[in-house]
Amino acid sequence: MVQTCTDPMMSEKAMKYLLTRPAVPAPLDPNFCPFVLAKRKYMKHIADSAVKGSVSELQFVVQRPGDCFGRDRLPVFAETHEGYAASLFLAGEAIRYMIWQRGGFKLFLYGPSKICEDLKAAYSETGKYAFEVKTMPKIYATPWSVDIVSRLEDLPLNKEVPVVCGKVASGCRIAFDLGKSDVKTVAVKDGEVLDSAETEWDVTNPDPQYHYDVIVKAMKNTAAKLPGALEAIGGSATGAVSADSEATWCDCFPNVPPDVYKKKVVPIFNDIAKNEFGGVPIKVINDGEVTAVAGGQMVGEGCLFGISLGSSEGSGYVDKDGNLTGWINENAYNPFDLNPEGPANVWSPHRGDASMYLGQRAATRLAKKGGVDLPEEMMPEHPNMNAASHVPHAQCLKKIQAAMKDPEKEPQVAKIYQSIGVYLGYAVAQYCEYLDIKNVLILGRVTTGHGGEIMMEYARKVLQADFPELAHIKFHTPTEHMKRVGQCVAAAALPEVK
């Protein structure tokens, strides 16, 4: 379903306090205003005004399952100050950022009554963030709520619980990955891939039994290649997967009715393990998290952020011990560009979301400016390019990649990748606000060929120019081994066998 952008235009007063230019501009996107730099500019205004007594503090907490809480604070201008509009705008976006990065079903607010009440209204079913308010209950099966607390001691403390996954694919295992067009399965024995297969499926089918049968058939065909009894199942899927391997909000099943989804799809992975494979251990995580786990194993150290620039942005993080965060990591929905005229996200009602900057849509919306010869139906303004289907974007990306090989066109086409590299650099800086990142792994169809090298070059330039304290971060691309089997083996190792 394509969403219509309903974000109100940023007020001129808010623009004054938030809009800024990056030190490293995106060649084909001159008005790009990174969220992380807008916040930096705002904080400078705060510092300049604090002595006048016009600044106080907002604190907010987002609660998610497992008794976990994400907590942050933001200095805010008084409601009578001209900077109040910027405070309200930035606070709403900062909360949205935490919601899509970590997930949650309840928002706690503490601070000046005016901004707390305005944010509570914004995070209601009729407010600016109605999409988040209506989507989070689908993920957590818990009604959304907002609680304004009057005492600081009533605000929950920050609490994070790392998710420990297996790292050794010992014994006989299978792994699967649910994509938008096929089900990938592999058979693994003591870390060695014995067989792999890709089974086509129609994700648009509304019948959950169809999906169950396709997945089970693919898994059983692959399990038959093992030399012994199956001992464990690992898997990955797009969307939100709970710590208990529940498909809480996976867009592999977009047309299954909500009530049927909750009953049949949410428990589908555990049901398959129990009913079809004798109850062997199973562990399923978000596909971006598998990228991070495999990347950490490839690099040989943690503190790694893995980001796949494919149909959209898929990403995940492993800490210094190789553990996962337990967050939903739906970073494609994060606020990223505060340019009031930035591109709308077809999957949400917001503008400037990361999905339009860190995936193939970033490349295709810049293709015309990059000098790529395009048919009418691939022009950025054509309805085909502003719909949910990924097909025309995949076809357009091929034209971009072909143009990169044309010596006459390459200098201008390269600006597409330079621009995406700039986006990547500012995205990494933004993610570093909450994560200790020492390594970044990039992969996905947008990064293939010389374009990927250009992207990393410009991402490094961003960090060196605007964030010298982050210039130590290392960028990596997958080794041939990881491309072939690394992620499969990492997924197979996820369940721990006692």
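## The β6–β7 hairpin

V188 in β6 has V193 in β7 as its bridge partner. This pair belongs to a predicted model, so please read the geometry below with that in mind. Strand β7 covers residues 192–200, and its antiparallel pairing with β6 runs over eight bridges. The two strands form a hairpin with two residues between them. If you like to check backbone torsions, have a look at D190: this turn residue has a positive phi of about 50°.

## On the other side of the pairing: β5

Strand β6 also pairs with β5, which spans residues 172–178. These two strands run antiparallel and are joined by seven bridges. Here L178 sits opposite V183 in β6, and the hairpin that connects β5 to β6 passes through three residues.

How much of β6 is buried? Six of its eight residues, in the stretch 182–189, fall in that class, so the strand is largely enclosed by the rest of the structure. For this reasoning, buried means under 20% relative accessible area.

## Pairings of β3

Earlier in the chain, β3 (residues 106–110) takes part in two pairings, one with β1 and one with β4. With β1, residues 55–64, the sense is antiparallel and there are five bridges; F60 stands opposite L109 of β3 in this pairing.

With β4, residues 145–148, β3 runs parallel, and four bridges hold the record of that pairing. Here L107 faces V146 in β4.

## The whole chain

Stepping back, the protein chain contains 14 helices and 13 strands. Its radius of gyration is 23 Å, close to the 23 Å from the globule rule for 498 residues, so the chain is as compact as a globular protein of that length. Along the principal axes, the C-alpha trace extends about 75 × 60 × 40 Å.

Contacts tell a story about sequence distance too. Among contacts with a separation of 6 or more, 70% are between residues 24 or more positions apart.

## Surface and charge

Of the 498 residues, 57% count as buried. The accessible surface of the chain amounts to about 20,500 Å², and carbon and sulfur atoms contribute 52% of that area.

Where do the charges lie on average? The chain has 53 positive and 60 negative charges, and their mean positions are 1 Å apart.

Methods: Residues numbered from 1 in each chain as written. Predicted model: local features only at pLDDT ≥ 70, side-chain atom pairs only at ≥ 80, totals over all residues. Heavy atoms only, no water. Rg over C-alpha atoms; globule rule 2.2 N^0.38 Å. Buried < 20%, exposed > 50% of the residue type's maximum accessible area, 1.4 Å probe, protein only. Contact = heavy atoms within 4.5 Å. Areas by Shrake-Rupley, 256 points an atom, 1.4 Å probe, with all protein chains shown as cover. Lys, Arg positive; Asp, Glu negative; His and termini not counted. Charge placed at Lys NZ, Arg CZ, Asp CG, Glu CD. Pairing = 2+ DSSP bridges.
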